[in-house]
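Here are my notes on this model, set out point by point. Have the coordinates open while you read.

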Amino acid sequence: MTLPKEPMRLEQSDLFSPRVESYLEERAALKRAMPDVEPQPLFIRIIYSGYFYLSLAAMLGAIVGWGLLEPFYEERGHRDGSAASALVGLLFFPTVAGFVGMFLGAIEGIMCRNPLRALTSAAVGLGVGFGGAFVLVFPASFLFGVMGSVAASFMNPDAVRVTGMALLILMMGRAAAWAIVAIPSGLGQGIAVREKKVIMNGVLGAVLGGLLGGLLFDPIGLTTDVERATVSRGVGFAVIGMMVGLFVGLVEQWTKTAWLLMRAGPLAGKQFVIYKNPTVLGSSPKADVYLFKDDAIEPRHALIHNRGGRFELEDCGTPDGTYVNGIPVKSQILRVGDQIVLGKTVLEFSLRETR
């Protein structure tokens, strides 16, 4: 036999008890309207892919640097010992590396709509790229000279073009030399943000890009004018720039541990790799994740701490609050797929599992 249920009775004091107030606030938070999250078109996903915009920017930087000096470079004058051509030849790599570094440094700030970061990183990238390449061009030239001498021993004195084993050795020597000189072009961004991991990614990307660009120079030269390798140099430098940017982006993807994907907001589709500890989220241009055009977001709104591989989100005592999956939090360990809401911005947390 089932007994009839007694109706639940609430006293007036219960209505104003802290427990009831807390429960009602939690339910209200759960009902808070979430910003609309729409699937991003393929075009937007490609545009916001780091390896796409980094490779495009670095390639443009290399073309600009090459274009500035190419009109003043004379192949015959360089061989005949012309001082002007020798000077231009000496400045070729530093100029290209400087402009690659400048464009690489600027593009991240441009993509994040952060002019301060773009200007700072561009200036650092230009200085580090040019200065570092100017220093490294001497050991790189020595290495290429040694490899060139080895290649000459395999050449036919009557041959117009380098072929066979001589070409292979020359390609290897040029690839190694270009890899060395390209290193500074990938350093600027990491130095500007003072992050060791970004510096290491830049170095590795620059070395790989220089290797591939150097390998392509001589095969391209075989299809162009022997007396004036303008096309070969232009394409070679462009490939160096493109590969530096591409590998900087790819290395970032390969080595990233945790990241945020903006699902709703002014940069919907943009990915932010978490490098720093703590990582600052806010509306200040100095924030690591710059969230603009939202009055509800404070200059220093929230922090993400790396607690030995576990990532904890902390609200900085903001008036509007920080939400995870619709619930207001003061601090909370993040899980894969968590939706972090700050104002009208939605960031999805992702974490690469390590074994």
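1. Let's start with the kink. Helix 7, residues 115–152, bends by about 35° at Val137, and the proline Pro139 follows shortly after that position. Bear in mind throughout that this is a predicted model.

2. Staying with helix 7, which of its residues are buried? They are Ala118, Ser121, Ala122, Gly125, Gly129, Ala133, Val137, Ala140 and Ala151, so the list includes Val137, where the kink lies. A handy reminder when you look at the spacing: an α-helix has 3.6 residues a turn, so residues three or four places apart point the same way. The buried residues of helix 7 pack against three elements: helix 6 (83–111), helix 8 (164–182) and helix 9 (188–193).

3. Helix 6 also packs against helix 11, residues 230–255. The angle is about 35° and the axes lie 11 Å apart; the crossing is right-handed. From helix 6, the residues involved are Phe92, Phe93, Val96, Val100 and Leu104. On the helix 11 side they meet Arg233, Phe237, Ile240, Gly241, Val244 and Gly245. By type, the residues of this contact split into eight nonpolar, two polar and one charged.

4. Next, have a look at Val198 in helix 10, which spans residues 196–221. Is Val198 buried or exposed? Its relative accessibility is 12%, so Val198 counts as buried. Leaving aside residues up to four places away in sequence, Val198 touches Gln189, Gly190, Val193 and Tyr275. One more distance for the same residue: the C-alpha atoms of Val198 and Val251 are 9.5 Å apart, with their positions 53 residues apart along the chain.

5. Now to a strand. Thr322 sits in strand 7, residues 322–324, and counts as buried because its relative accessibility is 0%. What does the side chain of Thr322 join in a polar contact? The partner is the side chain of His301, at 3.4 Å. His301 also appears among the residues that Thr322 touches beyond four places in sequence. The others on that list are Ala302, Leu313, Asp315, Ile327, Pro328, Val329, Ile340, Val341 and Leu342.

6. Finally, the whole chain. The protein chain holds eleven helices and eleven strands, and 45% of its 355 residues are buried. Of the contacts with a separation of 6 or more, 62% come from residues 24 or more positions apart.

Terms used: Residues are numbered from 1 along each chain as its sequence is written. This is a predicted model: local features need pLDDT of at least 70, side-chain atom pairs count only at pLDDT 80 or more; totals for chains, interfaces and linings use all residues. Side-chain values use heavy atoms; hydrogens and water are left out. Helices (H or I, at least four residues) and strands (E, at least two) are DSSP runs, numbered from the N terminus. Buried means under 20% relative accessible area, exposed over 50%, partly exposed in between (1.4 Å probe, protein chains only). A polar contact is a pair of N or O atoms within 3.5 Å; within protein, one must be able to donate a hydrogen and the other to accept it, and residues adjacent in sequence count only if both atoms are side-chain atoms. Contact means heavy atoms within 4.5 Å. The bend at a residue is the angle between axes fitted to the seven residues ending there and the seven starting there. Axes are lines fitted to C-alpha atoms, for helices over the stretch in contact, and angles run from 0 to 180 degrees between N-to-C directions. A crossing is left-handed if the near helix is turned anticlockwise from the far one by less than a right angle, and right-handed if clockwise. Ala, Val, Leu, Ile, Met, Phe, Trp, Tyr, Cys and Pro count as nonpolar, Asp, Glu, Lys and Arg as charged, and the others, Gly among them, as polar.
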